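I opened a new page for this structure and meant to keep the entries short. The sequence and the coordinates come before my notes.

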Amino acid sequence: MGADIFCTPKIYETTFFETRQFLAVYNIRPVIRGHSLLIPKRHVVYLTELTSGEINGLKEIMAAVLPRWLKAFDSDSYNLSINAGEHAGMVVNHLHFHIVPRSDKDPLQGKLIEFYHMLNNDRGTWSKEVPKEVERLRKIFKYKPTQKRLSQ
Ligand SMILES: [Zn+2]
């Protein structure tokens with residue numbers, strides 16, 4: 001277990017879905033509305049530390065989350081990315097996958113460099129819409145947050 005925020009109960013404040021191995025969490029500073037994170041419950045830093053079972057767990061949570069999540073943001077496309085290591089923009093030292101819904105209406109469409117610059121420098125912004133989006137997603141996913149500490 002690590003000492004980062006993803007290993008504390010606080011992460012459940014913005015969680016909207018979970019499986020046995022992964023959490024789906026709304027990003028508190030989204031670069032685009034809908035920007036979320038998929039986070040393994042077990043503390044690992046790099047993708048290569050995931051077990052084969054956890055890789056399957058990643059596919060499982062993606063299959064469970066993506067269709068309804070894309071629909072929730074009126075989107076049919078998304079970016080999936082990892083910032084691995086400090087100089088790649090990894091802010092929290094616990095593996096996480098950014099998923100960002102994209103559409104022809106998003107403000108960073110056609111601005112790939114700006115998009116990754118924001119993503120890799122944690123340049124999204126919190127707004128009062130963030131907790132509303134968390135509540136909306138929890139309704140869509142029929143998710144009741146638990147406050148139990150991540151224990152793996
Ligand atoms: Zn951790």
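Before counting any pairing I fixed the term: two strands pair if DSSP finds at least two bridges between them. The model is a predicted one.

**Entry 1, the sheet.** I started with strand 2 and strand 3, which pair in the antiparallel sense over 5 bridges. Across that pairing, Tyr 26 stands opposite Ser 36 in strand 3. I then turned to strand 1, which is joined to strand 2 (residues 22-26) by 3 bridges, also in antiparallel fashion. The connection between strand 1 and strand 2 is a hairpin through 3 residues. Looking for the partner of Phe 17, I found Ala 24 in strand 2.

I next wrote down the whole sheet. It is open, has 5 strands in the order 1-2-3-5-4, and its pairing is antiparallel. Which strands are at the edges? They are strand 1 and strand 4 (77-81), each of which pairs on one side only. From one strand to the next the twist averages 25°.

**Entry 2, strand 2 by itself.** In a regular strand the side chains alternate between the two faces of the sheet. I checked which way the residues of strand 2 point. Phe 22, Ala 24 and Tyr 26 point one way, while Leu 23 and Val 25 point the other way. Are these residues buried or exposed? All are buried. With 5 of its 5 residues buried, strand 2 is largely enclosed by the rest of the structure.

**Entry 3, the zinc ion.** I listed the protein donors of the zinc ion: Asp 4 (OD), entered twice, Cys 7 (SG), His 43 (ND1) and His 94 (ND1). These donors lie 2.0 to 2.8 Å from the ion. In sequence the donor residues are spaced D-x2-C-x35-H-x50-H. I followed one pair, Asp 4 and His 43, which links distant parts of the chain, 39 residues apart. Asp 4 is in the segment before strand 1 (15-18), and His 43 is in the loop between strand 3 (36-40) and helix 1 (52-72).

I also looked up how covered these two are. Asp 4 has a relative accessible area of 10%, so it counts as buried, the cut-off being under 20%. His 43 comes out at 23% and is therefore partly exposed.

**Entry 4, more on the loop after strand 3.** Leu 47 lies in the loop between strand 3 and helix 1. At 38% relative accessibility, Leu 47 is partly exposed. I found Leu 47 in a nonpolar surface patch with Ile 55 and Ile 82, and together they have about 210 Å² of accessible area.

**Entry 5, salt bridges.** Side chains of opposite charge can pair when their charged atoms come close. How many salt bridges does the structure hold? It holds 10. One of them joins the side chains of Lys 41 and Glu 18, at 2.7 Å from N to O. Lys 41 is in the loop between strand 3 and helix 1 and Glu 18 is in strand 1, so the pair ties together parts that are 23 residues apart in sequence. Both Lys 41 and Glu 18 are buried.

I then took up Lys 105, which forms a salt bridge with Asp 74, the closest N and O atoms being 3.5 Å apart. Lys 105 sits in the loop between strand 5 (97-102) and helix 2 (112-120), and Asp 74 in the loop between helix 1 and strand 4, so this pair ties together parts that are 31 residues apart in sequence. Both Lys 105 and Asp 74 are exposed. Lys 105 also forms a salt bridge with Asp 104, with the closest N and O atoms 3.6 Å apart. Asp 104 is exposed, as is Lys 105. I noted a network too: salt bridges that share partners join Arg 33, Glu 133 and Arg 136.

**Entry 6, backbone angles.** Most residues other than glycine have a negative phi, and most peptide bonds are trans. I noted two residues with a positive value. Asp 74 is not a glycine, and its phi is near 50°. With 54% relative accessibility, Asp 74 counts as exposed, because the cut-off is over 50%. Lys 142, not a glycine either, has a positive phi of about 50°. I located Lys 142 in the segment after helix 3 (129-140). Its relative accessibility is 74%, so Lys 142 is exposed.

Technical notes: Residues numbered from 1 in each chain as written. Predicted model: local features only at pLDDT ≥ 70, side-chain atom pairs only at ≥ 80, totals over all residues. Heavy atoms only, no water. Donors = N, O, S within 2.8 Å, 3.2 Å for Na, K, Ca; no water. Buried < 20%, exposed > 50% of the residue type's maximum accessible area, 1.4 Å probe, protein only. Patch = residues over 30% accessible without salt bridge, like charges linked within 9 Å, V, L, I, M, F, W, Y side chains within 5 Å. Areas by Shrake-Rupley, 256 points an atom, 1.4 Å probe, with all protein chains shown as cover. Salt bridge = Lys/Arg side-chain N within 4 Å of Asp/Glu carboxyl O. Axes fitted to C-alpha atoms, helices over the stretch in contact; angles between N-to-C directions.
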